[in-house]
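Biologist: Please take a close look at the largest pocket of this model. What volume does the pocket have, and which residues line it?

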Amino acid sequence: WGVIVTIDGNAASGKSSVSGGVARALGIPYVSSGLLYRAATRLGLEAGLDLERAEALLAHLQKVPLRLEPLAGGNRVWTGERDLTGELHQSAVDAGVSVVASHPEIRAWVDAQLRALTPPFVAEGRDMGTNVFPHAQAKFYLTASPRVRAERRAAERPEDVDAIEAALKERDHRDRLQSAPAPGARVIDTGPLTLDEVIAEILRGVEE
Ligand code: C5P
């Protein structure tokens, strides 16, 4: 049963909570591709690298042993013995990650790690259904208005909702090239739905 379910969508569209819920209901792991882009960004910032320069960043990443652990309760990212996960949602990482994700070399580095994982799993990100797993059995794309997404984020972080909304719009703009619904993906506006309703709609789609 080597099923792959892809759940793509823009920043703060609810992808990780939804993917976690769908994966638990199906009894399989989920894989958060954004965490690998975030880890690349965090490690680049730490090393004082210019995130615009893909070559130096990639050379640095190839020296550190990075590992994505796709646990059902929440993915973790390790460099050796150090758990990086808690540092991956800082505002500095949010602000830099789109630049890092715009480099084809870095995308290839992330894609290789994802394709090395053994299905079944739920893969969550921006281009899971388009580029990384085009042969996936079921594909979904989550959206919501910038305001709805900002309000959800504001409930998680001690930041002003207007500032969050502005930063989300900026990231949407920078992510637009790597973020589009896959052909055949079911597009779900999560704005009017609860988390459980989104999960239920996806589970119905998987069974069809
Ligand atoms: O999903 P999340 O918001 O954590 O992703 C962080 C960033 O990683 C996105 O803003 C995007 O720039 C990049 N990303 C990507 N392709 C993916 C997943 C994430 O470009 N498949």
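Modeller: The volume of the largest pocket comes to about 830 Å³, in a model that is predicted. Its lining is made up of 38 residues. Nearest the centre of the pocket lie Lys 15, Ser 16, His 89, Glu 124 and Arg 153. By class, 15 of the lining residues are polar, 12 are charged and 11 are nonpolar.

Several helices contribute at least two residues each to this lining: H1 (15–26), H2 (33–46), H4 (91–101), H7 (146–154), H8 (161–175) and H9 (195–207). Strands E2 (30–32) and E6 (121–125) also supply at least two residues each. Helix H2 gives the largest share, with five residues.

For context, the second largest pocket holds about 230 Å³ of space. Two elements, H4 and H8, give two or more residues to the lining of this second pocket, and H8 provides the largest share, six residues. Helices H4 and H8 are also among the elements that supply at least two residues to the lining of the largest pocket. Arg 153 is one of the residues lining the second largest pocket, and Arg 153 is also among those nearest the centre of the largest one. Other residues lining the second largest pocket include Ser 91, Asp 94, Ala 95, Arg 157, Glu 159 and Ile 164, together with Ala 167, Leu 168, Glu 170, Arg 171 and Arg 174. By class, that lining has seven charged, four nonpolar and one polar residue.

Terms used:
Residues numbered from 1 in each chain as written. Predicted model: local features only at pLDDT ≥ 70, side-chain atom pairs only at ≥ 80, totals over all residues. Heavy atoms only, no water. 1 Å grid on protein atoms, 1.4 Å probe; cavity = no way out; pocket = protein on both sides within 12 Å on 5 of 7 lines; lining within 4 Å. Points joined across faces, edges and corners; volume = space filled by probe spheres on them. Helix = DSSP H or I, 4+ residues; strand = E, 2+ residues; numbered from the N terminus. Nonpolar A, V, L, I, M, F, W, Y, C, P; charged D, E, K, R; others polar.
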